[in-house]
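Me: I have a new model open and would like to learn how to read its helix packing and salt bridges. Could you walk me through them?

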Amino acid sequence: MFTVTKAFKEALLQHFIYQKLEISYAIHKPFPFFEGLRDKSLITDRMYKESLEACQNMVPVSRVVHNVLTNLERTFDLSLLVVLFSSINLREYPNLVTILRSFRSAANDKFTSKTNDDEDSEEKPSPSPGRLQVIREDSPEPNGPEEAQKVSGAPPNKKGKKIQRSVLSTPKKRHQNKDLLRGAFSPPHGTQEKLQVVDQVTQMKDDSKKQSVKGDMSPKVSERPEDELGGLHSPELPVTCGEAKGILYKEKMAQGPSEKCIQNEEGAWFTPREFEVAGNRAQSKNWKRSVLCRGQTLGQLLEKGLLLCPSRKQMQTSIN
């Protein structure tokens with residue numbers, strides 16, 4: 001069992017809010033996400049039914065998920081993350097694996113920084129006589145009064161109920177919060193390989209940043225591992241154009257550029273060109289460059305074979 005401190009919970013909440021939109025787009029289908037929240041009593045039956053009705057009424061799943069997550073901010077608890085990153089959800093929504101990795105990094109970075117601050121403050125001289133003391137319930141009993149005096153720097157406690165120790169001699173609890181996420185919602189065995197790839201990508205990015213700070217002019221790695229592009233193989237992709245946001249449906253796009261294959265946040269449908277106009281990029285007249293998906297243009301995805309959109313000429317040739 002671990003004790004979740006207030007600062008640790010606040011760090012998780014802030015990162016949850018920061019990642020909320022990414023989580024929403026990672027949940028691309030209602031089942032089993034909403035069922036898991038309902039079965040664990042994180043949402044009521046009423047919210048569960050309203051969410052499914054919204055999805056049935058053509059409201060994008062990502063928008064419904066975002067509304068539910070916003071509601072859960074008020075009662076945020078570690079149990080929400082345990083359910084969110086359960087083995088079932090990680091298997092059904094593969095993009096959650098990367099987000100889980102970001103939670104671990106954010107939480108450990110938060111408490112690494114806090115530990116350093118604590119150690120710096122301990123090195124400063126104290127205005128009061130004697131060393132700052134804290135009471136630990138889990139401290140082992142000393143063998144005698146002389147040992148107790150050596151540990152605490154103060155006369156032995158005659159009652160013998162609680163032993164005082166210096167802050168510098170209690171590193172154990174500092175590491176408990178760092179390891180809490182790993183013990184609370186570790187991914188299933190089937191996702192370990194993906195996490196290793198994500199770790200490698202993160203390390204590559206960190207090395208690239210260090211080189212740029214030192215003025216290293218060596219070329220940067222531009223290729224992406226296959227798993228980083230895994231989200232682009234989904235049948236539904238998040239797209240943006242200027243201020244316009246929506247979901248692109250590959251199956252509809254494969255019917256040609258005149259097909260309304262993009263649904264915006266309000267539920268309206270657009271062709272790629274119409275979506276470009278809606279995003280105030282009408283002057284471009286090149287939706288393949290104006291519409292973006294996860295940092296890449298639709299033209300780049302078409303070249304890589306991740307999208308299919310035959311031209312009118314190609315469609316007429318196939319018909320003839």
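Me: How close do the axes of helix α3 and α4 come, and at roughly what angle do they cross?

Reply: Happy to help! A word on the source: this is a predicted model, where local features need pLDDT of at least 70 and side-chain atom pairs count only at pLDDT 80 or more, while totals for chains, interfaces and linings use all residues. Residues are numbered from 1 along each chain as its sequence is written, and side-chain values use heavy atoms, with hydrogens and water left out.

Two packed helices are described by the angle between their axes and the distance between the axes. Here the axes of α3 (residues 45-56) and α4 come within 9 Å and cross at roughly 160 degrees. Axes are lines fitted to C-alpha atoms, for helices over the stretch in contact, with angles from 0 to 180 degrees between N-to-C directions. Helices are DSSP runs (H or I, at least four residues), numbered from the N terminus.

Me: Are α3 and α4 roughly parallel or antiparallel to each other?

Reply: Roughly antiparallel, a label for angles over 145 degrees.

Me: Which residues of α3 and α4 meet?

Reply: Contact means heavy atoms within 4.5 Å. From α3 come Met-47, Ser-51, Ala-54 and Cys-55, and they meet Val-61, Val-64, Val-68 and Asn-71 of α4. By class, this contact has six nonpolar, two polar and no charged residues. Ala, Val, Leu, Ile, Met, Phe, Trp, Tyr, Cys and Pro count as nonpolar, Asp, Glu, Lys and Arg as charged, and the others, Gly among them, as polar.

Me: Now the charges: how many salt bridges does a search of the whole structure find?

Reply: Six, where a salt bridge is a side-chain nitrogen of Lys or Arg within 4 Å of a carboxyl oxygen of Asp or Glu. One of them joins Glu-73 and Lys-20 at 2.3 Å, N to O. Glu-73 lies in the loop between α4 (61-72) and α5 (78-84) and Lys-20 in helix α1 (residues 6-26), so the pair ties together parts 53 residues apart in sequence.

Me: Is Lys-20 buried or exposed?

Reply: Buried, at 8% relative accessible area. The cut-offs are under 20% for buried, over 50% for exposed, and partly exposed in between (1.4 Å probe, protein chains only).

Me: Where do Glu-92 and Lys-29 lie?

Reply: Their side chains form a salt bridge at 2.7 Å, N to O. Glu-92 is in helix α6 (residues 87-92) and Lys-29 in the loop between α1 and α2 (33-39), 63 residues apart. Glu-92 is partly exposed at 28%, and Lys-29 is partly exposed at 28%.

Technical notes: Helix = DSSP H or I, 4+ residues; strand = E, 2+ residues; numbered from the N terminus. Parallel < 35°, antiparallel > 145°, perpendicular 65-115°, else oblique.
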